[in-house]
Amino acid sequence: MNATASAASDGDGRLLANLMHFGRALRAAGLPVGPGKVIDAVAAVRAVGITDRRDFYWTLHAVFVNRPDQRLIFDQAFHVFWRNPELLKKMLSLVLPQLNIDAPPEPGSEMARRLAEALNPNPETRESAETEIEFDAAMTFSDREQLRGMDFEKMSLDELARAKAAIARMRLPIEDVPTRRYGRDPRGARADMRATMRAALRSGGLIELKRKSPRRRPPPLVVLCDISGSMSRYSRVFLHFMHSITNDRDRVFTFVFGTRLTNITRYLRYRDVDLALDRVAEAVADWSGGTRIGHCLGEFNRLWSRRVLGQGAVVLLITDGLDRDAGTGLAHEMDRLHRSCRQLIWLNPLLRYEGFEPRSLGMKAMLPHVDEFRPVHNLESLETLIDVISAAAHRHTAAAQAQASYGMREE
Amino acid sequence: MADAKPSPLPASVDDSLAMLGRADYVADRSLATAVHLALHLQRPLFLEGEAGVGKTEIAKVLATALERRLIRLQCYEGLDVASAVYEWDYARQMIEIRLAEAAEEGRDEIESTIFSDRFLIKRPLLQALEPEVGGPPVLLIDELDRTDEPFEAYLLELLSDFQVTIPEIGTIRAERPPIVIITSNRTREIHDALKRRCFYYWVDYPDAARELEILRRKAKGAGEALSRQVVGFVQRLRTMDLFKLPGIAETIDWTEALMQLDVLELTPNAINDTLGVLLKYQDDIARIQGSEAARLLDQVKAEIAAAPREA
């Protein structure tokens with residue numbers, strides 16, 4: 001038809017090969033690109049024609065990009081690859097061996113360790129966890145300095161079993177909420193006409209009215225966990241808790257904060273708890289530092305609340321309320337958070353030493369804005385934590401009680 | 001008989017861009033490429049972006065420009081097959097059964113009668129699969145992020161094969177697939193399986209030149225001076241840490257509000273009086289109102305004075 005078509009038939013084979021290599025390069029860089037996408041890309045390029053570099057760019061963009069955060073990687077890969085395909089391949093070959101060697105054997109070796117432990121109760125010497133590099137994580141976070149590292153003790157078999165049992169019996173103050181979907185229920189309030197009609201056709205004669213009622217499901221859960229210095233002794237328990245609950249139900253979103261906010265939901269989706277924790281340890285840059293609760297909550301409100309609190313989520317805020325910024329702006333952000341979610345639960349692991357004064361400015365600012373206040377005095381295990389969360393709800397008086405018991409009043 | 005020949009699709013990216021332009025949609029070339037691909041390869045177009053950047057408008061514009069019927073499915077939590085695809089007209093079925101029994105018809109006969117087209121209430125998704133005079137319709141699945149995962153999964157069959165299965169009748173398949181536009185405000189992530197079947201496009205806020213062009217077309221009658229100031233002001237707001245940045249829809253609304261108040265040029269007072277049209281959160285309004293608005297306005301005026309006038 002036009003010049004592009006004839007040119008394409010001539011260089012078709014080479015274009016095909018290049019598109020395939022480009023697809024592979026994107027996959028190596030962490031984009032979900034399979035053979036199907038490459039075939040789509042070929043069809044798309046044919047539909048648009050290769051006359052204009054910008055059109056070519058946006059054609060491939062429409063096919064290969066699925067999420068806004070992939071745009072940057074695509075953009076870089078496109079410009080490097082289509083200027084010189086060899087260069088990108090060379091760059092990736094520098095990275096690929098690490099990926100190939102480090103990543104795949106990891107789950108296996110963890111399994112082996114646990115298996116060995118099960119067969120032989122004597123604790124074996126632990127090797128230091130080797131750092132592993134995940135390509136797309138490295139690309140996203142490369143500009144971020146590692147403030148402080150973290151190395152978690154691996155979870156024992158016994159701990160793992162107890163954690164599972166504990167999570168299974170956990171009950172949040174708000175457990176199930178009615179959805180707008182209906183399920184069959186003989187005592188339901190509504191008539192299920194579809195089921196009635198089917199039954200009528202089967203039996204004939206008298207039409208028996210079938211009933212339905214709204215189905216219930218747990219609301220989404222958002223966990224915001226403080227990992228600053230004052231909380232560091234509990235970090236392991238909390239991360240295990242967050243990992244277990246992420247893998248126990250759907251719609252769980254997890255964030256940790258100290259001086260900055262990090263979304264760790266993706267890392268906790270790894271089934272293997274030790275692997276997941278290693279990934280979290282790498283991704284989070286501010287372990288055991290200071291706390292800027294107000295700043296981090298503000299960041300959450302601005303960047304994430306609309307994306308994760310949309311469907312009536314329950315927010316579990318885990319912090320001791322010790323704030324480096326002395327509560328500046330905290331009341332305001334707490335208020336906003338409180339008004340954007342179904343329920344706000346504050347879990348506070350109190351320090352144990354004598355003379356602890358729970359009257360920090362942070363606490364004062366936060367208490368008026370929570371629905372449930374749950375102090376924990378002896379937080380040693382996941383089970384204690386879950387017992388505290390599952391305790392019978394105090395309902396709306398929780399904040400008032402807490403204020404009374406600490407002698408705090410709003411001005 | 002009406003003309004059965006469907007209106008032609010644009011032949012190239014340039015044509016697509018021109019077509020959107022003729023329908024008063026000022027598009028980026030990148031968006032025109034995505035639209036062109038969706039039209040030609042008969043795949044859904046998945047549009048994501050902040051509220052008020054003109055995602056829904058694209059579907060409306062396509063329907064107008066191509067002279068197709070627009071079928072809109074507004075998503076909400078709990079949206080089910082009965083309100084999205086089809087439902088049986090139970091009341092009429094009941095009457096039919098009673099009548100048939102009175103006439104002593106056989107069971108099989110009754111069953112084949114009451115599960116026929118006559119008693120089928122067609123909802124948007126089923127309507128979109130039906131052949132239309134003038135070409136396949138434009139199906140707008142708006143704010144998909146508001147539904148739940150089960151409905152998203154249901155859409156997979158529909159969007160890849162353009163067919164739905166009704167147990168009592170069988171599979172209904174579109175002779176020619178509709179033009180599907182899906183929008184999402186990103187209040188949650190849509191599953192990759194669904195996105196994989198679509199062409200993806202992130203609709204961003206427009207740059208100053210494009211926003212000015214949009215105002216020229218959408219807020220006819222606004223003076224050039226006012227439009228420039230409005231665009232400059234809104235563009236500055238978008239660089240700030242606000243809870244909700246104003247979209248294009250807000251820019252147009254604001255300009256119209258200012259015109260209603262006979263404002264020919266922005267003043268701090270005029271901004272303070274109408275800021276509620278532009279910003280929708282009290283915190284944001286409190287932050288901008290007063291001295292901050294005046295400061296921004298001074299910057300905008302200085303910028304416009306410094307820029308060379310367009311011919």
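Axes here are lines fitted to C-alpha atoms, for helices over the stretch in contact, and angles run from 0 to 180 degrees between N-to-C directions. The exercises concern a predicted model, which scores ipTM 0.77 and pTM 0.77; chain B averages a pLDDT of 90, with 97% of its residues scoring at least 70.

**Exercise 1. Describe how helices H1 and H2 of chain B pack, and decide which term suits their relative direction.**

Step 1. Two packed helices are described by the angle between their axes and the distance between the axes. For H1 (residues 13-22) and H2 (residues 29-41) of chain B, the angle is about 110° and the axes lie 8 Å apart.

Step 2. Angles of 65 to 115 degrees count as roughly perpendicular, and H1(B) and H2(B) are therefore roughly perpendicular to each other.

Step 3. On the H1(B) side the contact is made by B:Val13, B:Ser16, B:Leu17 and B:Leu20, while H2(B) contributes B:Arg29, B:Ala32, B:Thr33, B:Val35 and B:His36. By character, these residues divide into five nonpolar, three polar and one charged.

**Exercise 2. Examine helix H3 of chain B: find its span, its buried residues and what covers them.**

Step 1. H3(B), residues 55-66, has twelve residues and reaches 17 Å from its first C-alpha to its last, close to the 16 Å expected at 1.5 Å a residue.

Step 2. The buried residues of this helix are B:Lys55, B:Ile58, B:Ala59, B:Val61, B:Leu62, B:Ala63, B:Ala65 and B:Leu66. Their cover includes H1 and the strands S1 (45-48), S2 (70-74), S5 (138-142) and S8 (179-184), which belong to chain B.

Step 3. Just after the helix, B:Glu67 takes a positive phi of about 55°.

**Exercise 3. Is A:Ala41 buried or exposed, and which residues does it touch?**

Step 1. A:Ala41 is found in helix H2 of chain A. A residue counts as buried if 20 or more other C-beta atoms lie within 10 Å of its own; A:Ala41 has 22 and is therefore buried.

Step 2. Not counting residues up to four places away in sequence, A:Ala41 touches A:Leu19, A:Gly23, A:Leu60, A:Val63 and A:Phe64.

**Exercise 4. Which elements of chain A give two or more residues to the side that touches chain B?**

Step 1. The contact takes 29 residues from chain A and 30 residues from chain B.

Step 2. The elements in question are H2 (35-48), H3 (53-64), S1 (177-184), H9 (193-203) and H13 (293-308) of chain A, and the largest share, six residues, comes from H3(A).

Step 3. The residues on this side of chain A divide into 14 nonpolar, six polar and nine charged.

Notes. Residues are numbered from 1 along each chain as its sequence is written. Chains are lettered from A and ligands numbered from 1 in the order in which they are written. This is a predicted model: local features need pLDDT of at least 70, side-chain atom pairs count only at pLDDT 80 or more; totals for chains, interfaces and linings use all residues. Helices (H or I, at least four residues) and strands (E, at least two) are DSSP runs, numbered from the N terminus. Angles under 35 degrees count as roughly parallel, over 145 as roughly antiparallel, 65 to 115 as roughly perpendicular and the rest as oblique. Two residues are in contact if their C-beta atoms, placed from the backbone, lie within 7 Å. Ala, Val, Leu, Ile, Met, Phe, Trp, Tyr, Cys and Pro count as nonpolar, Asp, Glu, Lys and Arg as charged, and the others, Gly among them, as polar. The expected span of a helix is 1.5 Å times one less than its number of residues. A residue is buried if 20 or more other C-beta atoms lie within 10 Å of its own, exposed if 12 or fewer, and partly exposed in between; C-beta atoms are placed from the backbone. pLDDT is the predictor's confidence in each residue, from 0 to 100.
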